[in-house]
Amino acid sequence: MAQKKSKGVIAEKKNEIMGGLKKLGTQIYDQLDNGVFPRITMPSRSTDNIHYDPDLRQYVLGERSVTRSARNIRHVKPFTQLAWAAMFSNELTFHRKTSTLRDVYYSAQAYNMTFKDQQESNNIITDLETATGRSREDFNIFPEERSAVFGDLTIEYTVPGYEGKTLNLSSHPDGVLIGPALTSSEFANTTANKVIAIEKGGLFTRFIEESVHKKHNAVLVLTAGQAPRQTRYFIRRLSDELNLPVYIFTDGDPWGMHIAMVIISGSVNAAHLRELNTPDAVWSGVWASDIVNYKLPTDPLDEVDIKRLHELQRDPRYQGDPLWQREIKTFLKIRRKAEQEAFSRYGLTYIVDEYLPAKLEDRGKKKKYSAS
Amino acid sequence: MAQATFEEISASDFFYRNRDIAGFTNPSRAIFAAIRELVENSLDAAESQKIPPDIYVRLSFEGEASTDTQIYKLRVEDNGSGIQPRFIPSAFGQVLYGSKYKLKQMRGTFGLGGKMAVLYGQIMTHRPASVTSSTGSAKIYSFKLMIDIQRNRPIILDRKVLINKEQWRGTIVEFAIEGDYLRARSKILEYFKQTAMVNPYANLTFVDPKGRLYKFNRATTNMPDPPKETEPHPYGVDVELLQRLIQLTPHRNMQEFLKFHFHRVGDITAQKFLVFSDLSVASCSKHGKLSYQEINWTGGPHCSRCGQELAFSSSKNPKKLSHQEIVKLMQHLKKFKEFLPPDANCLSPLGQELLKAGIVKELNPEYLVVIQRKPSTYAGHPFIIEIGIAYGGEIPKKGNFVIYRFANRIPLLYDEASDVSYKVINAMNWRRYKVTSDMPIAIVVHICSTKVPYKTVGKEFIADRPEVRKEVANALREVSRQLQRFLSKREHVDREKRRLSVFAKYLPRIAEFSTVLAGKKKQPDIQKLIKSVQKYGTEEK
C-alpha cells in the first residue's frame, strides 16, 4: 500500500499564526503612536450575520462587521482584554506552551487583568478567534482532552522536547489521546486508506479488539460524544493532507446524527472559523432505516428527541444530501431510536463482520457515484 | 344601704393617681421623662434671657430598689434666669403652678414637667428634693422641699441663704428617683443628641451612673429671637377661656373686651363682629336698623344704600353675659370669617441657619438643605414648619429614612409611626425625586406653635391636622427637589470620574500589550489621548 506523507504543514501554520498576531499588535501600536484611539474591526457574530454557505458546506459569518474602539467607554475594557489575550496567545505560541480556557482566566490575573467570570474571558478568546480568523487551538489554548485515535499512522512531534520523535498511533491498544501534542504533530506516513470516526468508547475499543483497523485499513477516531474542535480539526487534516475518506458511526438517534453533521458541516458557534469541518465525510450509521432493516432492539423517542428532529428538519445543513431528510422522516415515522451497541443482539462481532462492511461499501459506492 | 362618698382631690393627687398621662408610665420611661422635663425647663429658663444654655445633668446610682429598678440621684444644673426665692417652693412643690399659661411658644404645655418629676421622685423614694437658685443677685437660696400631695402645697423642710460671691445665676435641682437606667439609656442618649441638634446654641453635658461623660457642645452662640407673648386668637378660644377672660377683664363693653383680650382684633373688626353676632345694632338715620350685609365697611362704616354714617347701639357689658350668651359668643367667634389670621411673632422658629448648624453638628452630612415655611394656622393657632433633609455623612443606611421630629425644639422620640410627618414621608412618591429608601437620608421636621397639635397628653406625636399635613408635605417636596438636584449632579460627576478612571486605567495597558505584541521597544505616548478624554469629559457637562 502506498505510503502517504505530509510534512511542514504545522511549522508553516505556526509562522502564519504568529504573523497574524504581530500584525494585530502592530496595528494597535501604530494607531496609538499616531495619537488616535485604536480600533479593531471584525466580522459580527450576531445570529443575523451567520449564514450557511452551501459551497463551503458550513456556517459562515456574513458581510456585517463590528468595530471595537478604545474611544468607547464600553469597549475600552474588552479592547484591553483582547490586546492582552493576543499578547498572551503570542507568548504561548512562541514558547510552545499550552493552556486551557480556565487557565487563561487565571493567567489574566497574573497580568493584573481581571475577568468578571469565565464567560467573559471565553468571550474575549472568541473575539480573538474572530479578529484573527484562527481557532483558539491555534494559539495553544485547548479544552480538556477526551477523544482518541488508533491506527497505522506515524506522526512526528513538534512540541518542545519531542521534536523529530515519531510515534505510530497503533502502538497503544487504548488509542492515543488527541491532545495538543498530537494535533500539533506532522503526519509522517500511513498505510490506512480510510478514517472511521466512532461516537462511543465501548465501540471504539471493540473495533480495536476486532482489528478493524487492519481488516479495513482504517484510522479509528473516538469522538467521545460531540467531537471537540481539535478532534474535528484533526479529522479535517486526515481528510485534506492524507486524502482519506471519512466514515462516521454514531447512535441511531437525532443526537448521534447531529454529531456526524457537526463533523461534516461545522457548528454555528464556530461560524467565524474555517477548517474545523470535513465536508467530504459521510455518516454511515446507525440510520433510522438501519433500525428497520436490521430489526435492532430500540427505545421509543421521547419528546425532546422529537423536538430536536423537527429543529434539524429545518436546519440548512440538513438540506443538501437527501439522505438527511429521508432519515429524519424515518425516525419520525418509526418513533424509535437505537444505540450502536444494539447490534450486540446478533453477537459481539456482528457489527464488525457484517454491518460495517456493508455500510462502508454502501457509502463508498454512493460517494463515488455522487462525486462523478 | 351603702352611701356613696365624694371627695375633692387636688391636682397633685390627680396626677399622683394618673401619672401615666404625664409620661411616667414605667421605671425606664419615668427616668427618661424626669430628665427630659428638667432639661426643657432649664432650656426655657436660659432662652428667656437670651443666654446660650449650659446644662449639666448627672445621674448617680444610690442603691437597689427592686429586682429591676434602682434608686438614682438626678441633678440638673443650668445657667438660666434663676427663680426668685418666693416662687421657688411653688414652682417645684405645687402641680399646675407655672409661668406657662400665657400664649407664646414654650416647650412645655401643662406646667407639669418639673413638678411631676419631683412628685414622682417623692412617691417612689420618700425623699425631699433640693432646689438651689439665684437670679444673679447677691444671694443664693437653697430649699429642701416635699409636696403635700393631698393639699397640693409645698412643704419647706429647710431653707438656706448663701452669699453669691461669683454672681452665679441659674438653678440646680436635685432629687432621688427610682427607675431603670439600663433600659432607658438609649432613649436618654438619643434625647440628648436630638436636643443638641435642635438647640445648637446649647452646651449639654450628661454624666451617667457608670460615670460615662456625654458632651454635646454648642456650634454657635446665635439664638433665635424669643417669642412675644400674645393674646388668644378668636378662632382658638373655648367657653372656659371666655369665662376666665370675662372674670378678669377690667373692660365694661364688648368692643373694648374683644379689642384688648384677643389677638389681631381692632376697633373695626370688633365692631364688625358685634354686628355680625347681633351683640350690637347698627342703624342708619334713613333706613333704620341695618343687617351685616347692608353695611359698607370701607372707609368707616356707612350705609351701603345712602352712604350715611351709622350709629351703633352700645354693646353689652361682658360681665353681664349669661352662660347661654357666652356659648353663643364662642360659636360666633368661630363662624366669623373676617378675623385676621394670627400673627407669627408669638412663634420662635429656629431659622434655617440654626437648624442647619444643629444638623451639621450632630449628623455631619454630605449634603443638607433646610427650609422654613411661611407661618400658617390651624384652628386659630399659628404654626411654622421647618424641614431639613440630610444625605450621607454619618447618617446610617438602614433601609428606610431616619426621621427626627421636633416640636417647639423638643425632640419627639416615641410613637413615630403615628406622627403626621411619618405619614407624609411615607405617602411621598420618592421615585419622582430619584430617592430610594436604601439611601442614607435623614429628615428633620420641626413644628413650632403656640399650641402644638399633640394627639395625646404624652406629647409624643403630632396629630394629623389637614393644615399641618399640607405644610409638612409642601416643605418636604421643596427640600426633596433640591436633594434631587444634588443627587443628579453628584451622579453626573461620579459618572465622569468613573469614565475618566476607566480610560486612565486601560489605555496604558493597551499600549503595554501592543508594544510587546508588535515587538517594539518604546511604548507609544498615550498622554495626548488621555487628555483628550478629559477635555471631552468637561465639555459634556
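**Getting to know a predicted two-chain model**

B:Gly358 sits in helix α10 (residues 352–363) of chain B. The model is a predicted one, and this residue is a good place to start.

Q: What makes B:Gly358 buried rather than exposed?
A: A residue is called buried if 20 or more other C-beta atoms lie within 10 Å of its own. B:Gly358 has 30 of them within 10 Å, so the residue is buried.

Q: Which residues does B:Gly358 touch, not counting those up to four places away in sequence?
A: They are B:Met197, B:Val198 and B:Pro200. In the same stretch of the story comes B:Tyr201, 157 residues apart from B:Gly358 in sequence but 8.2 Å apart in space, C-alpha to C-alpha.

Q: Why is the largest nonpolar core said to lie between domain 1 and domain 3 of chain B?
A: Domain 1 (11–216) and domain 3 (344–484) both give residues to this core, so it lies between them. The core has 102 residues, and those touching the most other members are B:Ile31, B:Ala34, B:Ile35, B:Ile177 and B:Ile447. Helix α2 (residues 27–47) of chain B supplies the largest share, 11 residues.

Q: Which residues does B:Ile447 touch, leaving out those up to four places away in sequence?
A: Its contacts are B:Phe383, B:Ile385, B:Ala407, B:Val452, B:Ile462 and B:Val468.

Q: Why are β5 and β8 of chain B said to stand at the edges of their sheet?
A: The open sheet has eight strands in the order β5-β4-β3-β6-β2-β1-β7-β8, with mixed pairing. β5 (153–163) and β8 (213–216) each have a single partner strand, so one side of each is left without a neighbour in the sheet. On average, neighbouring strands are turned by 15° against each other, direction ignored.

Q: How do you know that β2 and β6 of chain B pair?
A: Two strands pair if there are at least two bridges between them. Nine bridges join β2 (residues 70–78) to β6 (residues 169–179), and the two run antiparallel. Across this pairing, B:Glu77 stands opposite B:Ile172 in β6(B). Helix α2(B) packs on the sheet, touching β1 (54–64), β2 and β6 of chain B, and its direction makes about 175° with that of β6(B).

Q: What makes up the contact of chain A with chain B?
A: Chain A gives 23 residues and chain B gives 20 residues. On the side of chain A, α1 (9–33) and α2 (76–95) are the elements that give two or more residues. The residues on that side divide into 15 nonpolar, five polar and three charged.

How values were computed. Residues numbered from 1 in each chain as written. Chains lettered and ligands numbered in written order. Predicted model: local features only at pLDDT ≥ 70, side-chain atom pairs only at ≥ 80, totals over all residues. Contact = placed C-beta atoms within 7 Å. Helix = DSSP H or I, 4+ residues; strand = E, 2+ residues; numbered from the N terminus. Nonpolar A, V, L, I, M, F, W, Y, C, P; charged D, E, K, R; others polar. Core = buried A, V, L, I, M, F, W, Y, C linked by C-beta atoms within 7 Å. Buried ≥ 20, exposed ≤ 12 C-beta atoms within 10 Å, placed from the backbone. Domains from an automatic or database assignment. Axes fitted to C-alpha atoms, helices over the stretch in contact; angles between N-to-C directions.
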